[in-house]
Amino acid sequence: MKEEIVLTYKPTNKIKQHSMYRLNPECCPLCVQEEESINHLLVECVFAREFWFILLRQVGLRALSPQPTENSFLDWWETASNATSNMVRQGVNSIIILGGLDSLEPS
Ligand SMILES: [Zn+2]
């Protein structure tokens, strides 16, 4: 089921106007250091990892947040989901789905 989800991201006009982004529109609009990809935006980027850490910390699951070695959103999601009991798993999956959608929503 998770593999069927198609994730897309379009930078906002505010991001497009950032001077570093204009110099290299292929770079991540958050850290402006790495090449932009969906996996980078969701788990590799330092800002993405901070987002997940803060979100999961709110429910006492900060240990599930992506680590610096993480490079696949779906692999991280599967690992995080499998690391929880059945009761907690549904909640973790909901948080990850909503968090992922929220992190990609233009502000
Ligand atoms: Zn980045």
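Reader: What share of the contacts in the protein with a separation of 6 or more comes from residues 24 or more positions apart?

Author: In this predicted model, residues 24 or more positions apart account for 39% of those contacts. A contact requires C-beta atoms within 7 Å.

Reader: Which residues is Ala80 in contact with, leaving aside its neighbours within four places in sequence?

Author: Ala80 is in contact with Leu64, Val92 and Ile96. The C-beta atoms of two residues in contact lie within 7 Å, which means that each of these three meets that limit with Ala80.

Reader: What makes a set of residues a nonpolar core, and which members of the largest one touch the most others?

Author: The members must be buried residues of nonpolar kinds such as Ala, joined through C-beta atoms within 7 Å. The largest such core has 16 residues, and Ala48 and Ala80 touch the most other members. Helices H3, H4, H5 and H6 each supply at least two residues of this core.

Reader: Why are Ala48, Phe51, Trp52 and Leu56 of H4 called buried?

Author: A residue is buried if 20 or more other C-beta atoms lie within 10 Å of its own. These four residues of H4 are buried, so each of them reaches that count.

Reader: How do you know where the buried residues of H4 lie around the helix?

Author: Seen down the axis of H4, they fall within an arc of 115°, so they line one face of the helix.

Reader: What is the pattern of the protein along the sequence?

Author: The pattern is α-α-α-α-α-α, with six helices and zero strands.

Definitions and conventions:
Residues numbered from 1 in each chain as written. Predicted model: local features only at pLDDT ≥ 70, side-chain atom pairs only at ≥ 80, totals over all residues. Buried ≥ 20, exposed ≤ 12 C-beta atoms within 10 Å, placed from the backbone. Arc of directions from axis to C-beta.
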